[in-house]
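Colleague: I would like to learn how to read the features of a structure, step by step, with you as my guide. Could we take the topics in turn?

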Amino acid sequence: MPARLLRPNSKTRSLIPAALLAAVAWIALAPAGADAQQRPAPALQEAYFAWDEGRYIESMEAYLGVLRGPDGETHRREAALLTGELHPVRELDDDGRLIRISPDGEWLAWSRQVDGEWWSYAEPAAGGERRSFPSQLIALSGSGLAAHATESEMIVTTLASGAESRVALEGLRPAGLAFQPDADLLYLAAAREGEGDRVALYRAQAPNWSPERVALEYPVAVDPQPLPGGEVLLFTVPTRSPFSTAQADATPTGGPGLGLLDLRTGASSILTASGVSVARDGSFVALYRAPSDGEPGRILGASLTEGIPSGDDELITLVESELRIGDPAVSPAGDRLAYKAMPHTDWEIFLVPTDGSASLSPGTAADPAEGVERVTREIQHDQFPDWVDDDRLLALKGEFRHRRSYLYDLAGDQEYRIFHNNTLRTIAPEYEWVPSPDGSGVLLTAERDGNTIDPRRAVFWVDLSAEVTLDALIDRLEANLDYERELLAEGEARFAPIADEAAMITDRILPGRIFHYADHLYRMGSKFIGQPGNLPAVEYLAETLESWGYEVELEWFEPRGIRSANVVARLPGTENPELVYVISSHFDSVLPSPGADDNTSGTTALLEAARVLADHPRKATVEFVLFTAEEAGLIGAREYVARAADSGKQIVGVLNNDMIGWTRSHRLDNTIRYSNPGIMRIQHAAAHFFSDLITYDALYYRGTDGAVFYEAYGDIVGGIGSYPVLGNPNYHQRTDQIETINHRLVAEVSRTTAASIMLLADSPARLGELRVEAREGDRAELVWAPAPEQGVTGYRVQIRAGDGTVRSLETVTEPRAVVTGVEAGDVFEVRAIRDNGTEGWDWARQPL
């Protein structure tokens, strides 16, 4: 595409002089792709800053030039950290939950459902023969044993040989299993027939493994955790039995309790706790207590070397603060405590010694208190610290839909992300993490392919003892370079018929206007249904759209018995007005918040796109739809879609934007959330050629207004939003204020949206009713419904083989084709061609 069609400040070049880039390199925040935060070496500065600006082709060409040279190995680590993973990653299973690692770090285990039944698996960390167990309850020892329980028996397996020892449970119903880390001694929590919902602890030891009851006076005790040395047993006293909803009445406060049993003396105690951590060597325990009765939150601790604490008077106060705190994590040697605190609007990780010598409060964000060490300094949430070893800490960054694991080298003052999918665009949400006790790796579950719709979450082993080789890194960059070149070449060809018009229209989108709309909506406060700001927002949105010449429909209804309305503006199509493309956002907010990001940002991006498109109708109709009551359960979207379905409205494509205005750094980036890969690819191209937006992608629509369209109209959804890369710490908080919004970012999303809808509405939609009419040997006859658009001149046909290779066939003019040489696993693909030079934005597909 000619450079003249690109915006003057686009990703075609840097506006910062090279000398200045070098001078400020050390303060640059790294791209979101890998989040490496090292100062780039002089040889890599060109590549680094090209990556930072989203000029990925230039960046990878520069990196490859360095890596293929004589100093390639010198720069391997730095390049690997920026472009993906530093350590080798092995996929263990395509689905798994409840991950765990043996105390010696030799065996990895996980559980999953197979045909509705739970199974567990164990595999050597170094690779080798896998063992399977027909149970969700499994425990690993430090000596190569695994124990699992069924309804009638407990089986102890020698993992290396597969040899089993079986013992009948004789009326016991197990709820948990755990080995002592340094002995062949097993504890289980179980209910016994005839004792109601009471859950007791039992001990079983080699060689016969017969369960013997542990003397405890508590009616419910679960989650046994025997500590090394065999002197102390920790357990949980829950508020309810795992086999009943009946209250357990276990702790003095009625809350969950940490149980401690001194196996040397038989003494036991219960301490109220909302979170517990114990040193890997069993020397120290820390517990978190939530604020209550005017008392601040506290993290307390106790040494276990001389016995167990009998009550609160024997505990050390490690942290006490009016700030929100939590997630205690004791170091393996027991001498330091990591925890989270919220000095401003986001969680950060701090460290204190466990001897009680540090100041009780973590202090402020800018000035940690005496003896308190601050580990993280990121505007996103940093939570759930866990120790890899005494010098390395694992912590999680982001919000629950897209947390990422980071390793903090406390001795070397370095941090880096340990898991990625090594792609430029597709994100990889993570869900569970367990560091190996020997520090050799991390076991985790994630959606490495960015598919958040498939319920499966694959299990991965990150080998911290090794690093990617130079050859593997070069292969990674070459594959990404090929993909990026193909993506942008395809996008350039797709947009060519409308490129001049798209550049002219998107250049008219202005951040100042977007701020103007946002300021009006912000002053209305919360726009949740029933709140004072909801109906004024409806009126303002309608009047604003009408001022640009739109005929606006207000869809009045009563969500939850409260009157509100969706706002719909229609830009009629010039050739196929019966075909409708939708740009949508919800304008309401949660109850306590003005919703500057969620979702005034999406609303204002839609308004500005509507303004610049008002005098530029497309071949198909475009509807700009602003939903009410999204935060009450997608009610506004369901109302709109129900009315559309009842009226026979032919909605053929949807862009839904939600939370697009917050950024953690200077990068203007956001995520394409899609169900349709064709729309996703068009949005990547629109962002690259007509905006300064840097785009990622995830197969994601569940829980959004886009899901309502998917349920009714199928696979036609795209759009942009910060989640599942949801880093905004103000999400659903009172702090979601206008001053936290980057209105330049909103403008770039608006440009991407406007360019995308222009091409979609001028192109043929995906074809329907594709089927195999006849099949004989390697010959197949296929037919499909004619494209409904005017001006369709033919159909492009291709065969995609099982290995991904594509065989293009002759263009046909009728909605049928005969193909030969087809094999099992081949997929037939077809899309329409229009007389304006556009082609269908997605292939219709039919397996042969």
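Colleague: What classes of residue make up the lining of the second largest cavity?

Modeller: This is a predicted model, as we should keep in mind throughout. A lining can be read by sorting its residues into classes, and for the second largest cavity this gives five nonpolar, four polar and no charged residues. The residues themselves are Ala-518, Tyr-522, Ala-596, Thr-600, Ser-601, Thr-604, Ile-738, Ile-741 and His-743, and the space that they line has a volume of about 40 Å³.

Colleague: Which elements give two or more residues to that lining?

Modeller: Those elements are helix H7, which spans 511–522, and helix H9, which spans 596–613. Helix H9 provides the largest share, with four residues. As for the number of cavities, the model has three of 30 Å³ or more.

Colleague: What is the volume of the largest pocket, and which residues lie nearest its centre?

Modeller: A cavity is closed to the probe, whereas a pocket is an open set of points. In this model the largest pocket has a volume of about 1,900 Å³, and its lining is made up of 49 residues, with Arg-100, Gln-225, Val-278, Asp-386 and Val-434 lying nearest the centre. When that lining is sorted by class, it has 37 nonpolar, seven polar and five charged residues.

Colleague: Let us turn to helices. At what angle do helix H3 and helix H4 pack?

Modeller: Helix H3, residues 56–67, and helix H4, residues 72–83, pack at an angle of about 150°, and their axes are 9 Å apart. Angles over 145 degrees count as roughly antiparallel, and H3 and H4 are therefore roughly antiparallel to each other. On the side of H3 the contact is made by Tyr-63, Val-66 and Leu-67, while H4 contributes Gly-72, His-75, Arg-76, Ala-79, Leu-82 and Thr-83. Taken by class, this contact has five nonpolar residues, three polar ones and one charged one.

Colleague: Is Met-60, which is found in helix H3, buried or exposed?

Modeller: The cut-off to remember is that buried means under 20% relative accessible area. Met-60 has a relative accessible area of 0%, and it is therefore buried. Distance along the chain and distance in space are separate things to read: Met-60 and Leu-477 are 417 residues apart in sequence, yet their C-alpha atoms are 6.3 Å apart in space. Leaving out residues up to four places away in sequence, Met-60 touches Trp-51, Leu-424, Leu-477, Asn-480, Leu-481 and Glu-484.

Colleague: How should I read a residue in a strand, and where is Leu-260 found?

Modeller: We can ask for its place, its accessibility and its contacts. Leu-260 is found in strand E16, residues 257–262, and it counts as buried because its relative accessibility is 0%. Not counting residues up to four places away in sequence, Leu-260 touches several residues, among them Leu-233, Phe-235, Leu-271, Leu-304 and Pro-309. Its C-alpha atom and that of Glu-370 are 32 Å apart in space, with their positions 110 residues apart in sequence.

Colleague: Where is Leu-140 found, and is it buried or exposed?

Modeller: Leu-140 is found in strand E6, residues 138–140, and with 8% relative accessibility Leu-140 counts as buried. Beyond its neighbours within four places in sequence, Leu-140 is in contact with residues including Arg-100, Trp-107, Ala-122, Leu-159 and Phe-179.

Colleague: What should I look for in the backbone itself?

Modeller: Most residues other than glycine have a negative phi, and most peptide bonds are trans. Against that background, Leu-98 has a positive phi of about 55° although it is not a glycine. Leu-98 lies in strand E2, residues 97–101, and counts as partly exposed at 36% relative accessibility. Met-659 is another non-glycine residue with a positive phi, of about 60°. Met-659 is placed in the loop between strand E37 and strand E38, and is buried with a relative accessible area of 0%.

Colleague: Which residues does a cis peptide bond join?

Modeller: One such bond joins Ala-206 and Pro-207, with omega of about 10°, and Pro-207 is found in the loop between strand E12 and strand E13. Another joins Asp-598 and Asn-599, where omega is about 5°, and Asn-599 has its place in helix H9.

Key
Residues numbered from 1 in each chain as written. Predicted model: local features only at pLDDT ≥ 70, side-chain atom pairs only at ≥ 80, totals over all residues. Heavy atoms only, no water. Axes fitted to C-alpha atoms, helices over the stretch in contact; angles between N-to-C directions. Parallel < 35°, antiparallel > 145°, perpendicular 65-115°, else oblique. Contact = heavy atoms within 4.5 Å. Nonpolar A, V, L, I, M, F, W, Y, C, P; charged D, E, K, R; others polar. Buried < 20%, exposed > 50% of the residue type's maximum accessible area, 1.4 Å probe, protein only. 1 Å grid on protein atoms, 1.4 Å probe; cavity = no way out; pocket = protein on both sides within 12 Å on 5 of 7 lines; lining within 4 Å. Points joined across faces, edges and corners; volume = space filled by probe spheres on them.
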